[in-house]
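Here is a set of exercises to work through with the sequence and the structure side by side. Try each task yourself before reading the solution, and take your time.

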Protein chains: 2
Amino acid sequence: MELVDAVLGRPLATTEQHGQKIGPFAGVPVLGLDGLASAAYGPEAALAVLIPVGVAGLAYMWPIIGAILLLLAALYFSYRQTIEAYPNGGGSYTVARQNLGTNLGLLAAASLLLDYILNVAVAISAGIAALVSAVPLLYPYMLWLCLGTLLVITLVNLRGIRESSLAFGVPTYLFVLTLLGVVAVGLYRTLVNGGHAAPVVAPPAVPAAVTSASIWLLLRSFASGCTAMTGVEAVSNGVPLFSKPTVQNAQRTLTLIVVILALLLGGVATLSHGYYIAAMDEEKPGYQSVLSQLIAAVAGRGIVYHVTIGSVIAVLMLSANTSFADFPRLCRLLAEDGFLPAAFANLGRRLVYSIGISILAIISALILIGFGGITDRLIPLFAVGAFSAFTLSQAGMVMHWHRSSVRKHRLTKITVNAIGAITTGLALLIIIAAKFIEGAWVTLIIVPGMVAIFKVVGRHYRRMAREVADSEPLKTGKVRPLAVIVPIDGWNKVTERALRFALDISSDITAVHVTSKSDDKRLRKRWCEMVEEPARAAKYEPPRLEIIQSPYRQLFQPILDFVDKIKQEKPGRLIAVVVPEVVQPRWWEYLLHNHRAMGLKAALFLKGDERTVVINTPWYMRDV
Amino acid sequence: MELVDAVLGRPLATTEQHGQKIGPFAGVPVLGLDGLASAAYGPEAALAVLIPVGVAGLAYMWPIIGAILLLLAALYFSYRQTIEAYPNGGGSYTVARQNLGTNLGLLAAASLLLDYILNVAVAISAGIAALVSAVPLLYPYMLWLCLGTLLVITLVNLRGIRESSLAFGVPTYLFVLTLLGVVAVGLYRTLVNGGHAAPVVAPPAVPAAVTSASIWLLLRSFASGCTAMTGVEAVSNGVPLFSKPTVQNAQRTLTLIVVILALLLGGVATLSHGYYIAAMDEEKPGYQSVLSQLIAAVAGRGIVYHVTIGSVIAVLMLSANTSFADFPRLCRLLAEDGFLPAAFANLGRRLVYSIGISILAIISALILIGFGGITDRLIPLFAVGAFSAFTLSQAGMVMHWHRSSVRKHRLTKITVNAIGAITTGLALLIIIAAKFIEGAWVTLIIVPGMVAIFKVVGRHYRRMAREVADSEPLKTGKVRPLAVIVPIDGWNKVTERALRFALDISSDITAVHVTSKSDDKRLRKRWCEMVEEPARAAKYEPPRLEIIQSPYRQLFQPILDFVDKIKQEKPGRLIAVVVPEVVQPRWWEYLLHNHRAMGLKAALFLKGDERTVVINTPWYMRDV
């Protein structure tokens, strides 16, 4: 257990929960990395769609990013309201379920879960791809680097919320400060020079246009840029993580995240136009990301460049962390409502939902392995889940205010959330339309499939709760004499122990011996000497011996048949099957045995009924 | 079960065993394929070593094959005697163990087991390699073809001994007849033409010599040719497979195999010289095996060629079958002596040792997969095991006659086996020396490792038998009142069933509820109403309720601690822990539960002692 303690930290008592709460500055690394990292790839994604229109595309950047910023503003005000209204965690699932019904709630939950899973795989592989393009030497180890990063993030999260905010805080704020600094310097130079500054290191020339811009192209660019907004809902989901005043701290965290994100997005959009920086084709040699060109143009390729790019790479990888904070939390809510196994709601040794963390890590690892560490093809699936959840959550909030009895500012609140719902809904339609063929259709299969599973699981737990529930008191009829059956393989100490226990609880005992021979005279003789005589001498009803021939060398079936026979012969009696078993002192010694006792227990258990009870009398082999 | 019946055949009763016995002609495909297939690769292996000496090498073929034939003759007479002396199966293990002691017996067993395993992998991949070189189209599927062949051979063997002799008899006798025919025609033509006949299709010219022959080269050639003898011991191991008269039938089978093998080896040696056929470098394009050149030289490339080559390929693959007949049989002997788990001695549904067959198939599959279906590198390991076993078995026979009280022909018998022991021992030394660097050293690690495992296993079983053995009669002290502990998770039907059963067997009952809270007032109240009052009303001692706080959210440890506490408080009493458990009607429903009951049973079982008994009261959920 010492190794476990060293890796995961000592167990935390349930009462230590308050010590694990966080404030707004710690909240950004825990819940904001997904959102902030978007600044690194959102503009790039939007610009990549515009490659075919050449330099003209740069002029469209501000309208597109402007639309995205408006959407972000709508989301910001909507989610502020959600946080206030749901101080116990107002994730899309909770809001949609309470206001729009279980089905739409589960739809929001499934969308988000899928989104969280994809985010882990995509974030890590994007970060590693950036790392590998900076250090090409690492190329052959890409998958291993991805899995190693996943392992580190998983372990840090298993150590608890505080640990993850401490571990990930440094790269987060380094990223924010360096990138904001670069953007500020760049903007200053651009403004001073009347809109177009001379770059320190000139970006590659923008390739010539091969087509002119169409509305469809601009919509697709907008849809791609919208990936920059995934992760904004994270804070509303994680409100209970914050220290008091909980709601205010959560709102401050959301404000911090959205303001930084907006500054970065606006800055990158302005500077890409100011320095003539376009996206490059990733598949062609000499590829450089938009951010890399931009930083080089503003700061040259010195120490500032390397520190900034390093922090971008780190944040890309760590943005997987947001999923690790919210996925287990959402699973827990689903488990508490009976749509997932109850284990998802168990607090682990460090007061986090360890099962959810582990499941997320396993699924992400499988995806990374399945795609060999390169997850570009998953990106189109990505924004659909987030925007479905946004829309459902905002629509739910509209219903919430509509039903609410509080009259103050009611219309404003409805309006804010309605604008959020309508804008994100429109964005969702654009995203689905623009990315349907590229893979968004897969989401439309997986998400309903997940909803169906939740419903089947929910039905099972409800049925189980109904059947198990008991409002009747203990039934205390007359004590029923037990009929005891003891399967034995001969006369030895293990058998002796089982028989002695049987004598303790009943006077109606039958030992059963299954053999491929037609009889076993030697055993009968020993039985007579070793069991019947001493039992009679001590005035016990002597245990009977039944020898059953099994011509096809089966073992369990003859015993099960015998139990059935006794059940019919003795209606109304409880049947206890006493299974003798040897406990080995060392694990490998289990490999050397037939596990007959274990198999028999399982067979009796599965094929039994209310009238059978299985008793296991372990016999312990000495450890020498 | 119907699918199983279709694939493996209906179960056979133990009494049907006599119907599974075989005669000498059926014995050849079952036990002789390994030996006979050697005729296809033994001469080739010897010639391959002689490539550097060019045409001169062909002149050495007869001396080398002659030496091998003498060795074969020595082995033949030795094993005839072994069969007679050990009519219940005189494998090297039995003979060496009885006459030379357990250690040398286990050494022989380990050598043979390794040899059998290698034979499966090497035979199948050699056969498939021959098939692929005939039909190059199949090249990409080599591994799958290997695994498919392995699967077919495994299934046929699981269907029983008779089935495998029927299935493999046709290709075996086709191989014998066509190849003997080709050899006979070739010899006739060679004799008629004074030693060198004109080939129908001329073999490729023998490459020029690059060195002259040395003693070392000839010894290496001999060592390689000795692979032709692996499999000769198979019959002595499988004597009980034969119908009556068992010994005579086994000896006839051995005679058949050795005579055919000798004719083929001698014929190939003569003809390779007569037609100037040398081995070719397998890695160079245009490679043809010695047999292929020889058949083409004698019969041209018509229908005879294709039928003969086809049967050679089939026999190469099927020679894996000998391992399937003897490996499980040897494992059974080891299991009966307690050196392997007892399951190896269980007769399966078709009266074969199914576990041994399956284990052999799994290990061989892993080897084939590990080496990608190309096992050339395993060949040097191959003959070491067989010749170790030969030597030990023959030496054991010398001791056997030495100790025997029968005086008749005693000296002759000792002489025959001594010659066998000395010649095979010499051959073993040559093989190890010649192939040490190529890989034979691996054998010298694996085989002693296996012996060590056998001894550890043997010690475990002996210790267990000693500890478990009981020559004392049943102890029948006064009935000790049971102290019953029932871990519960609340008041429901599952708990109710467990408590009712507890009331049936004891009046000292404590229910234990583990919670992370400091108390559970609601449960205490329900307990009072639902359990204590009705129990008192029915004049029972009311079961107590114990609520245990678990600050670190553990479940099992507090219960185990409580059991220990009760044990100390009530010395001399038996403690029965009644574990309530829900049985789900569908398998997937098990995935939805925490398996707390299962885990608790396991923890109680492993951490318990002689004074604890685990009782499982299953509660069956209705299947709706």
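As a warm-up, look at chain B: β4(B) and β5(B) run parallel to each other, paired over nine bridges. Keep in mind throughout that this is a predicted model.

**Exercise 1. Find the neighbours of β4(B), and decide whether this strand is enclosed or not.**

Step 1. Start from the pairing with β5(B) and pick out one bridge: B:P580 has B:T617 of β5(B) as its partner.

Step 2. Now turn to β1(B), residues 483-487, which also pairs with β4(B) in the parallel sense, over three bridges. Here B:V484 has B:A576 in β4(B) as its bridge partner.

Step 3. Count the buried residues, taking a residue as buried if 20 or more other C-beta atoms lie within 10 Å of its own. In β4(B), which covers residues 575-583, seven of the nine residues pass this test, so the strand is largely enclosed by the rest of the structure.

**Exercise 2. Follow the sheet from one chain into the other and write down the order of its strands.**

Step 1. Begin in chain A, where β1(A) (residues 483-487) and β4(A) (residues 575-583) are parallel partners over three bridges. In this pair, A:V484 stands opposite A:A576.

Step 2. Next, look for the place where the chains meet: β5(A), residues 612-620, is joined to β5(B) by three bridges, and these two strands run antiparallel. One opposite pair here is A:V614 and B:N616. As a reminder, strands of a sheet pair through backbone hydrogen bonds, in either a parallel or an antiparallel way.

Step 3. Put the pieces together. The result is an open sheet of ten strands with mixed pairing, in the order β3(A)-β2(A)-β1(A)-β4(A)-β5(A)-β5(B)-β4(B)-β1(B)-β2(B)-β3(B).

Step 4. Check the edges. β3 of chain A and β3 of chain B (544-549 in each) have a single partner strand each, so one side of each lacks a neighbour in the sheet.

Step 5. Look at the twist: ignoring direction, neighbouring strands of this sheet are turned by 25° against each other on average.

Step 6. Add the helices. α17(B) packs on the sheet and touches β5 of chain A as well as β1, β2, β4 and β5 of chain B, with its direction at about 150° to that of β4(B). Helix α19 of chain B (residues 556-569) also packs on the sheet, touching β1, β2, β3, β4 and β5 of chain B, and its direction makes about 165° with that of β1(B).

**Exercise 3. Describe the side of chain B that touches chain A: how many residues are in contact, and which element gives the most?**

Step 1. Count the contacts: 65 residues of chain B are in contact with 65 residues of chain A.

Step 2. List the elements that give two or more residues to this side of chain B: α16 (410-468), α17 (493-505), α18 (521-537), α21 (596-607) and β5 (612-620).

Step 3. Pick out the leader. α17(B) gives the most, with nine residues.

Step 4. Sort the residues of this side by character: 39 are nonpolar, eleven polar and 15 charged.

**Exercise 4. Work out whether chain A is spread out or a compact globule.**

Step 1. Take stock of the parts: chain A has 20 helices and five strands.

Step 2. Compare two numbers. The radius of gyration of chain A is 33 Å, while the globule rule gives 25 Å for 624 residues, so chain A is more spread out than a compact globule.

Step 3. Look at the spans: along its principal axes, the C-alpha trace of chain A covers about 115 × 65 × 45 Å.

Step 4. Find the domains. Chain A is divided into domain 1 (2-403) and domain 2 (483-620), and their centres, taken over C-alpha atoms, are separated by 62 Å.

**Exercise 5. Decide whether helix α4 of chain A is enclosed, and find what its buried residues pack against.**

Step 1. Count: seven of the nine residues of α4(A) (residues 92-100) are buried, so this helix is largely enclosed by the rest of the structure.

Step 2. Name the buried ones: A:S92, A:Y93, A:T94, A:V95, A:A96, A:R97 and A:N99.

Step 3. Trace their surroundings. These buried residues pack against α3 (56-85), α5 (102-134), α13 (320-336) and α15 (382-403) of chain A.

Step 4. See what comes after the helix: A:G101 follows α4(A), and its phi is positive, near 100°.

How values were computed
Residues are numbered from 1 along each chain as its sequence is written. Chains are lettered from A and ligands numbered from 1 in the order in which they are written. This is a predicted model: local features need pLDDT of at least 70, side-chain atom pairs count only at pLDDT 80 or more; totals for chains, interfaces and linings use all residues. Two residues are in contact if their C-beta atoms, placed from the backbone, lie within 7 Å. Helices (H or I, at least four residues) and strands (E, at least two) are DSSP runs, numbered from the N terminus. Ala, Val, Leu, Ile, Met, Phe, Trp, Tyr, Cys and Pro count as nonpolar, Asp, Glu, Lys and Arg as charged, and the others, Gly among them, as polar. Two strands pair if DSSP finds at least two bridges between them. The radius of gyration is taken over C-alpha atoms; the globule rule is 2.2 Å times the number of residues to the power 0.38. A residue is buried if 20 or more other C-beta atoms lie within 10 Å of its own, exposed if 12 or fewer, and partly exposed in between; C-beta atoms are placed from the backbone. Axes are lines fitted to C-alpha atoms, for helices over the stretch in contact, and angles run from 0 to 180 degrees between N-to-C directions. Domain bounds come from an automatic or database domain assignment.
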